[in-house]
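I opened a fresh page today to look around a protein. Here is what I looked up, step by step.

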Amino acid sequence: MVPPKVSISDLTGRVKGQTSMKMFNQYRQLRKKPHWGNHFWSPGYCVDTVGLDEEMIRKYVRYQEEKEKQFEQLKLSL
């Protein structure tokens, strides 16, 4: 549960930032993955306050993966 005064985007940014630093420090070989660009998390996140079902979440993740692939292909073609 998140207190109403805390913005979800700030909380998500903090959690993603702290966990990625811990993972990169604990597993140094992760930094050697050039396709990650030294990023552990994707830039987006999903927040639900009502109750998404499992299939909707799966569709969202698939959509985000496809968008990320398209972005990587665009970067390679430039």
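Before anything else, I wrote down what a helix is here: a DSSP run of H or I that is at least four residues long, with helices numbered from the N terminus. I also noted that this is a predicted model.

**Entry: the overall fold.** I asked myself how many helices and strands there are in the protein chain. I found two helices and zero strands. The radius of gyration came next: it is 15 Å, well over the 12 Å that the globule rule gives for 78 residues, so the protein chain is more spread out than a compact globule. I then fitted a box along the principal axes, and the C-alpha atoms fill roughly 40 × 30 × 20 Å.

**Entry: inside and outside.** I checked how much of the protein chain is buried, and buried residues make up 6% of the 78 residues. The exposed area of the protein chain is about 7,200 Å². Carbon and sulfur atoms supply 58% of that area.

**Entry: contacts along the sequence.** I looked at contacts between residues at least 6 apart in sequence, and 30% of them join residues at least 24 apart.

**Entry: salt bridges.** How many salt bridges does a search of the whole structure find? My search gave two.

One of them joins the side chains of Glu54 and Arg58, with 2.4 Å from N to O. I wanted to know how these residues are placed in helix α2, which covers residues 54-77. Glu54 and Arg58 are four residues apart there, so about one helical turn separates them. I looked up Arg58 too: its relative accessible area is 43%, so I noted it as partly exposed.

I also found a salt bridge between Glu55 and Arg62, where the closest N and O atoms are 3.9 Å apart. That made me check the cut-off, and a salt bridge needs the nitrogen within 4 Å of the carboxyl oxygen, so this pair counts. Glu55 is partly exposed at 38% relative accessibility. Arg62 is partly exposed as well, with a relative accessible area of 46%.

**Entry: a nonpolar patch.** Which residues make the nonpolar surface patch? I listed Val2, Ile8, Tyr45 and Val47, and the patch is about 300 Å². I followed Tyr45 a little further and found it in the loop between α1 (8-26) and α2. Is Tyr45 buried, partly exposed or exposed? Its relative accessible area is 37%, so I wrote down partly exposed.

Key
Residues numbered from 1 in each chain as written. Predicted model: local features only at pLDDT ≥ 70, side-chain atom pairs only at ≥ 80, totals over all residues. Heavy atoms only, no water. Buried < 20%, exposed > 50% of the residue type's maximum accessible area, 1.4 Å probe, protein only. Patch = residues over 30% accessible without salt bridge, like charges linked within 9 Å, V, L, I, M, F, W, Y side chains within 5 Å. Areas by Shrake-Rupley, 256 points an atom, 1.4 Å probe, with all protein chains shown as cover. Rg over C-alpha atoms; globule rule 2.2 N^0.38 Å. Contact = heavy atoms within 4.5 Å.
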